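Let's walk through this model together, one question at a time. Have a look at it first, and then we can reason through the details.

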Amino acid sequence: MVKPTQVTNRIRALRFAHDEMTQAELADRIGVTRQTLIAIEQGRYSPSLEMAFRIARVFGVPLDDVFQYPASPEEKA
Amino acid sequence: MTHEEKRAWIRLVVAVLGYAAYVTVIVSRAGGRRLPDVPYASTLVWTVAAAIVAAIAAEAGMAIVVPGASRAKDVRDREIGVLGEHVGQSFVVIGAVAAMLMAMADWDRFWIANVIYLCFVLSAVLSGVTKVIVYRRRFPEW
């Protein structure tokens with residue numbers, strides 16, 4: 001069954017915090033098209049683990065600072 | 001819109017228009033005759049050839065109209081391409097099985113050839129629709 005991804009990200013905020021880096025520049029640095037970066041930012045496409053690490057490395061932050069995954073109710077309890 | 005998304009649109013439109021043109025020609029030729037009596041082979045071959053040439057010409061035209069457009073293809077394009085082909089492949093199998101059963105049942109060659117062609121077109125359409133939907137919306141996760 002198709003289900004929406006629960007992964008969220010802070011790529012847009014991080015881009016602005018890094019001298020207002022453009023989508024085209026970040027896309028170029030991680031080796032994808034600008035359309036793919038837009039899809040990732042909007043949560044329409046989940047990047048591979050390798051690409052996620054490349055994005056985090058561009059911003060110089062841990063993976064958790066870029067991508068978040070909500071805890072399940074059992075984990076919160 | 002990425003280069004691959006434009007190609008998906010072109011192939012989808014060409015597949016639909018090509019088949020519509022083929023059906024129009026065959027039906028207009030019938031003129032009251034039974035469809036299996038209508039000459040179809042050369043029209044079918046020419047339609048398929050014209051569709052391939054039209055798709056190539058449209059892609060070339062796109063490159064001329066927007067010369068600076070990126071032709072880059074990344075992992076998402078490849079994943080969408082694989083998904084689209086996977087979805088469309090079902091109709092190729094359906095067409096092959098249908099043609100096999102029709103041949104075993106001694107159906108007229110007209111129907112066998114046309115079922116195969118129809119399933120190729122449906123495969124291309126389903127594949128194309130899947131690709132453009134995934135490009136516009138979200139990549140499915142199971």
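**Fold and helix packing in the predicted model**

Q: In chain A, what share of the contacts between residues at least 6 apart in sequence join residues at least 24 apart?
A: Bear in mind that this is a predicted model. Counting contacts in chain A between residues at least 6 apart in sequence, the share that joins residues at least 24 apart is 53%.

Q: What is the order of elements in chain A from the N terminus on?
A: Chain A has six helices and two strands to place. A strand comes at the start, five helices follow, and then come a strand and a helix. Written out, the order is β-α-α-α-α-α-β-α.

Q: Which pattern does chain B follow along the sequence?
A: Chain B holds four helices and zero strands. Reading along the sequence therefore gives helices alone, as runs of each kind are what the pattern records. The pattern is α-α-α-α.

Q: What percentage of the residues of chain B count as buried?
A: A residue needs 20 or more other C-beta atoms within 10 Å of its own to be buried. Chain B has 142 residues, and its C-alpha atoms fill a box of roughly 50 × 40 × 20 Å along the principal axes. The buried part of chain B is 22%.

Q: Are H3(B) and H4(B) roughly parallel or roughly antiparallel?
A: Helix H3 of chain B spans residues 75–104 and helix H4 of chain B spans residues 109–136. They pack with their axes 8 Å apart, at an angle of about 165°. Angles over 145 degrees count as roughly antiparallel, so H3(B) and H4(B) are roughly antiparallel.

Q: How many nonpolar residues does the contact of H3(B) with H4(B) have?
A: The crossing of these two helices, H3(B) and H4(B), is right-handed. By class, their contact has eight polar and two charged residues. The nonpolar residues in the contact of H3(B) with H4(B) number 21.

Q: Is the crossing of H1(B) and H4(B) left-handed or right-handed?
A: Helix H1 of chain B covers residues 3–30, and its axis comes within 9 Å of that of H4(B). The two axes cross at roughly 150°. The crossing of H1(B) and H4(B) is left-handed.

Q: How many charged residues does the contact of H1(B) with H4(B) have?
A: Among the residues making this contact are B:Glu5 and B:Arg11 of H1(B), and B:Lys131 of H4(B). Glu, Arg and Lys count as charged. Beside 12 nonpolar residues and one polar residue, the charged residues number three.

Methods:
Residues are numbered from 1 along each chain as its sequence is written. Chains are lettered from A and ligands numbered from 1 in the order in which they are written. This is a predicted model: local features need pLDDT of at least 70, side-chain atom pairs count only at pLDDT 80 or more; totals for chains, interfaces and linings use all residues. Axes are lines fitted to C-alpha atoms, for helices over the stretch in contact, and angles run from 0 to 180 degrees between N-to-C directions. Angles under 35 degrees count as roughly parallel, over 145 as roughly antiparallel, 65 to 115 as roughly perpendicular and the rest as oblique. A crossing is left-handed if the near helix is turned anticlockwise from the far one by less than a right angle, and right-handed if clockwise. Two residues are in contact if their C-beta atoms, placed from the backbone, lie within 7 Å. A residue is buried if 20 or more other C-beta atoms lie within 10 Å of its own, exposed if 12 or fewer, and partly exposed in between; C-beta atoms are placed from the backbone.
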